[in-house]
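I set out to record what the coordinates of this protein show about its helices, its nonpolar cores and its internal cavities. The entries below follow the order in which I looked things up.

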Amino acid sequence: MPLQLRDERRAARRARKVGGDEGPFERNSGGERLLDEAYALDQGEPAPAARLAALEITYRRLQITGDESPRAFSAAAEHSICEEARDGRYVKIALTIAGSDSGGGAGIQADLKTFHQFGVFGTSVITAVTAQNTVGVLAWEPVPAELVTRQLDALADDLPPAATKSGMLGSASLVEAVAEGIARRRLPNYVLDPVMVATSGDRLLDRDAERLVVRRLVPLATVVTPNLDEAAALVGGEVRTPDDMERVGRALVRLGARAALVKGGHLAGEQVVDVLVADGATRRFTRPRLETTSTHGTGCTLSAAVAAGLAHGRPLERAVEDALDFVHRAIAAAPGLGRGHGPLNHFVPAPPRPPTDGL
């Protein structure tokens with residue numbers, strides 16, 4: 001098929017897909033026709049230029065955002081939605097600094113899926129590349145610290161985030177590079193997920209780096225989100241009860257973090273308790289325990305969801321509550337993939353539920 005004809009066919013098909021709300025019909029200058037009727041291009045004949053007006057973003061088109069309602073722009077607007085978006089008022093940016101999970105359930109992949117569901121534009125700084133699946137981490141290699149710094153600077157110069165989260169860092173040099181970059185570029189709303197061990201039990205942070213996380217990253221954090229083992233490694237002592245979780249949360253705040261969300265998924269019992277320590281107060285979030293092995297990427301997803309809420313300008317407590325709700329439903333709806341600890345279902349809608357008007 002000649003190249004020009006192929007391009008025309010693709011354009012016509014795109015126009016048919018996005019051409020409006022006609023359901024199984026397509027509206028054109030000649031009236032309506034069923035999509036499965038013969039078309040001139042199907043016969044290899046020349047066809048009139050495809051009607052591509054539907055591909056344009058008009059001034060009055062409803063623009064779906066992540067802040068609970070679509071926005072409508074007046075016909076008198078002198079600039080486009082894309083121009084409005086440049087200042088970040090309508091499209092918020094969130095940055096993840098983490099490792100790549102080849103299994104797609106954790107790390108960069110889980111973070112970007114979560115950002116998307118929460119209606120923020122996700123960018124990424126990759127710190128490590130892993131060979132892993134639901135069974136375990138087979139191998140991993142860190143990205144050179146200089147390249148991590150270059151990634152971060154490239155984004156800060158052109159796509160500055162409204163919130164940032166970090167996950168797997170892997171080594172002391174990467175912890176130092178990330179801390180230096182966050183401080184130097186003054187990245188706001190920093191969510192620190194101190195990833196040390198994967199769900200499979202594989203270690204993802206060397207022990208020399210743990211002390212550096214406490215000294216360099218915790219004081220920069222808007223909120224730290226450790227699980228029980230990570231909390232114990234960061235501040236010392238055993239963490240076995242919700243009271244212990246409150247204690248280590250307060251300790252993390254004394255170390256410089258503005259807040260701490262200590263995750264209690266590893267506690268025994270029919271209820272899962274998560275503890276937030278912030279602004280001198282403590283709140284416990286309780287949900288029924290879900291009996292499942294589909295827990296790969298829960299920590300990554302939770303911290304990304306918190307960052308997304310902060311990017312939207314929501315108060316920390318609400319961002320945490322929304323994130324916990326999202327993760328709980330994502331676990332409950334897990335697709336059951338893989339032979340080990342399977343991924344969550346990142347297709348579940350994020351709270352508040354996305355609007356349907358204008359889609």
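These entries concern a predicted model, and they go from helices to cores to cavities.

**Entry 1: helix α8**

I began with the length of helix α8, which runs over residues 242-254. With 13 residues at 1.5 Å a residue, the helix should span 18 Å, and its end C-alpha atoms are 18 Å apart, so the two values agree. I then listed the buried residues of α8, which are M245, E246, V248, G249, A251 and L252. What covers these buried residues includes the strands β8 (223-224), β9 (259-262), β10 (271-278) and β11 (281-288), together with helix α7 (228-235). After α8 comes G256, and I noted its positive phi, near 125°.

**Entry 2: helix α3**

I turned next to helix α3, residues 107-117. I found its buried residues to be G107, I108, A110, D111, T114, F115 and Q117. The cover over them includes β3 (93-100), β4 (121-132) and β6 (163-166), as well as the helices α9 (298-311) and α10. Just after α3, I recorded a positive phi of about 75° at G119.

**Entry 3: F326 in helix α10**

Is F326 buried or exposed? Its relative accessibility is 0%, and F326 therefore counts as buried. The residue belongs to helix α10, residues 316-332. Setting aside residues up to four places away in sequence, I listed the contacts of F326 as T114, Q117, F118, T301, H346, V348, P349, A350 and P351. Of these partners, T114 and Q117 are also among the buried residues of α3. For P349, I noted a C-alpha separation of 7.5 Å from F326, with their positions 23 residues apart along the chain.

**Entry 4: the nonpolar cores**

In soluble globular proteins, nonpolar side chains tend to be buried together. I therefore looked up the cores of this model. The largest nonpolar core has 32 residues, and those touching the most other members are F115, V223, L276, V306, L310, L316 and V320. Each of β9, β10, α9 and α10 supplies at least two residues of this core. The most comes from α10, which gives nine residues. I examined L316 further: beyond its neighbours within four places in sequence, L316 is in contact with V223, A259, L276, A278, V306 and L310. Apart from this core lies another, of 30 residues, including L169, M196, L217 and L252.

**Entry 5: the cavities**

Rolling a probe the size of a water molecule over the atoms shows where empty space is left. My search of the whole structure found three cavities of 30 Å³ or more. About 50 Å³ of space lies in the largest cavity. Which residues line the largest cavity? The lining consists of G167, L169, L192, D193, P194, V195, L205, V213 and L217. I sorted the lining into seven nonpolar residues, one polar and one charged.

**Entry 6: D193**

I followed D193 from the cavity lining to its place in the chain, the loop between β7 (190-192) and α6 (207-217). At 2% relative accessibility, D193 counts as buried because the cut-off for buried is under 20%. Its C-alpha atom is 5.1 Å from that of G167, although D193 and G167 are 26 residues apart in sequence. Leaving out neighbours within four places in sequence, I found D193 in contact with K165, S166, G167, T225, E230, K263, G299, C300 and S303.

Methods
Residues numbered from 1 in each chain as written. Predicted model: local features only at pLDDT ≥ 70, side-chain atom pairs only at ≥ 80, totals over all residues. Heavy atoms only, no water. Helix = DSSP H or I, 4+ residues; strand = E, 2+ residues; numbered from the N terminus. Expected span 1.5 Å × (residues − 1). Buried < 20%, exposed > 50% of the residue type's maximum accessible area, 1.4 Å probe, protein only. Contact = heavy atoms within 4.5 Å. 1 Å grid on protein atoms, 1.4 Å probe; cavity = no way out; pocket = protein on both sides within 12 Å on 5 of 7 lines; lining within 4 Å. Points joined across faces, edges and corners; volume = space filled by probe spheres on them. Nonpolar A, V, L, I, M, F, W, Y, C, P; charged D, E, K, R; others polar. Core = buried A, V, L, I, M, F, W, Y, C linked by side-chain atoms within 4.5 Å.
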